[in-house]
Amino acid sequence: MSKILGIFGGSHNASASYVKDGEIICCYEEERLVRVKSGNDFGRNPDLAVKRILEENGLSIEDFDDIAVAAPICNGFVKGLGVDESKVTVVNHHACHAYGAYLTSGFKEKTIVVSYDGGGDKDFGRIYLAEDNKLNLIKSIPLWSAASAGQMYAHTTVCLGWKMLKDEGKVTGLAAHGKYDESLYRKLNKIFYYNNNFSFSPGDSPGKTALLLNKLNLPDASLETKSKVAHNVQLVIENEFCKLLNHLNSIYPEYKKVILVGGLFANVKLNQKINETPWVEEVFVFPPMGDEGLSLGAALTLAYHKGERKTKRLENVFFGSSYSNDDIQKAGLKFHRDPYSPDRLAEMLDSGKIIGWFQGRFEHGPRALGARSIIVKATDPDTHKNLNERLKRHEIMPFAPFVKYDKANEIFNIEKSHMTSEFMTMCYSTKPEWVDKIPAVVHKCDGTARPQLVYPDRNKKFYEVLDSYDKISNIPVLLNTSFNGHGEPIIDSPAEAFAHLESGMIDALVAEDFIYFK
């Protein structure tokens, strides 16, 4: 049995992870610790993430049996650690994605595993067939000789005036506001289309996308035009990607489960489209689907090949640091505190208070899932505007709901893929009778939402809040957004939480067993 340190750095979304005897011990994204969002910080290595792993686990770098490095390699950083080179194993970029996702899915049945992003280690993506803890690579999609949906979406983001590798979610949110345009759709479809060989054509889709969209003068275009562009780009990618999956199904019809991983599948609307494909029985989206999940994928891949890890259902992604009540109180001495009570908190939420939520170990991946969250009632149609003003954000995508697992099917059409909905990685349509009841968490244009199902055995305190609020409001849903202000990563420490209480961004802070007030 062994201790494995996983590393990814030198590009974007640097991270480090620790896997011991095949089990996930901890994962840290560098942006959380250095306090600069990765989209604004290219080339960063996971210096602080590795340091945090060593400090919190009482280890030195020599204590690790293996160092698993996700390609492309951050050579200088790895050498600077002073590790024995014989301990270093470089793992293919898309193998890290695919094995990390498969080994946390718990799927033993026949499963299609798709890793796809804007490019890594000579490929845009890989496709595997998996069954009973074995993965068989059937397709690599080489860089530049194929078209890339990830690159196409990234360059659309830039053409619309936003930042690549940071604001793609805004394009997804904007897409539902737009309309189908046959002429634009045809032009986009010539840039990106399924080629009947488990890949997409033609090559150089980023350059061709930019040329096409720049002709529209998008920086000066109307919101209607920008929405139309976003809508048709989204539609082309959804339709062409489903052609690939349907082709796979025609050849391998016994493979009914699908695992999605890679930055493209941060696109929750694409995930919904795939989930709604009739032959698909269940979809699992790896919660740290982007390159932030590569260090964990590298470590798990190595553990798998050493015989220490088999596929196992991911119970949660609370892999970061935690802080005791004493730690929190020392950081917040100037604030008044009362003992935490879910019933009192439910009353505060019902009165319209904006609550910071700080519990246990912080989440790994891009979603706030009940460790570092801001929670608000979902029944006020003005919440989207008011919350954006308080957080100094400019969000187009609606905020997301968290919902009691036993009431979720009454509110959303979650007929399958319940597990992945625990990690807020997919949209579902909202039942018509609920759209006007929870307007703050439903997209006003298409009636979809990105819910997080909450179970009492896996997220006890979060469930208790929902349960208490449900009892006084008959609404088993609350709004959950990440605990951070505009332009900053999700918070890590108590000091960062109290800074937002001091600034007035939140009305109160629930930190472990106390409610803190300014």
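Leaving aside its neighbours within four places in sequence, which residues is aspartate 167 in contact with? Here are a few notes on this predicted model, starting with that one.

1. Aspartate 167 touches Thr157 and Trp162 once neighbours within four places in sequence are set aside. You will find aspartate 167 in the loop between H5 and H6. Its relative accessible area is 7%, so aspartate 167 is buried, the cut-off being under 20%.

2. Next, the helix before that loop. H5 spans residues 149-159 and is mostly covered, with nine of its 11 residues buried. The buried set consists of Ala149, Gly150, Gln151, Met152, Tyr153, Ala154, Thr156, Thr157 and Cys159. Thr157 is thus on the buried list of H5 and is also a contact of aspartate 167.

3. Both ends of H5 deserve a look. At its start, a side-chain oxygen of serine 148 comes to within 3.3 Å of the backbone nitrogen of glycine 150. Just after H5, glycine 161 adopts a positive phi of about 100 degrees.

4. On the other side of the loop, H6 (residues 168-175) packs against H9 (residues 223-251), with axes 8 Å apart and an angle of about 100 degrees. That angle makes H6 roughly perpendicular to H9. From H6, the contact draws on Val171, Thr172, Leu174 and Ala175, while H9 supplies Leu223, Lys226, Ser227, Ala230, His231 and Gln234. By class, the residues of this contact are five nonpolar, four polar and one charged.

5. Now for the core. The largest nonpolar core has 112 residues, and those touching the most other members are Tyr116, Phe241, Phe265, Leu345, Ile438 and Leu509. H9 gives the most to this core, with 10 residues. Another core, of 42 residues, lies apart from it and includes Phe8, Ala68, Phe107 and Val113.

6. Phenylalanine 241 is worth displaying with its surroundings. Not counting residues up to four places away in sequence, phenylalanine 241 touches Val114, Tyr116, Phe200, Leu264, Phe265, Leu270 and Ile274. Tyr116 and Phe265 appear again here, having been named with Phe241 among the core residues that touch the most other members.

7. Finally, a residue at the surface. Proline 278 sits in the loop between helix H10 (268-275) and strand S12 (282-285). Its relative accessibility is 78%, which means proline 278 counts as exposed, the cut-off being over 50%. From proline 278 to phenylalanine 107, the separation is 171 residues in sequence and 19 Å in space, C-alpha to C-alpha. Phenylalanine 107 belongs to the 42-residue core.

Note on methods:
Residues are numbered from 1 along each chain as its sequence is written. This is a predicted model: local features need pLDDT of at least 70, side-chain atom pairs count only at pLDDT 80 or more; totals for chains, interfaces and linings use all residues. Side-chain values use heavy atoms; hydrogens and water are left out. Axes are lines fitted to C-alpha atoms, for helices over the stretch in contact, and angles run from 0 to 180 degrees between N-to-C directions. Helices (H or I, at least four residues) and strands (E, at least two) are DSSP runs, numbered from the N terminus. Angles under 35 degrees count as roughly parallel, over 145 as roughly antiparallel, 65 to 115 as roughly perpendicular and the rest as oblique. Contact means heavy atoms within 4.5 Å. Ala, Val, Leu, Ile, Met, Phe, Trp, Tyr, Cys and Pro count as nonpolar, Asp, Glu, Lys and Arg as charged, and the others, Gly among them, as polar. A nonpolar core is a set of buried Ala, Val, Leu, Ile, Met, Phe, Trp, Tyr and Cys residues joined through side-chain atoms within 4.5 Å. Buried means under 20% relative accessible area, exposed over 50%, partly exposed in between (1.4 Å probe, protein chains only). A polar contact is a pair of N or O atoms within 3.5 Å; within protein, one must be able to donate a hydrogen and the other to accept it, and residues adjacent in sequence count only if both atoms are side-chain atoms.
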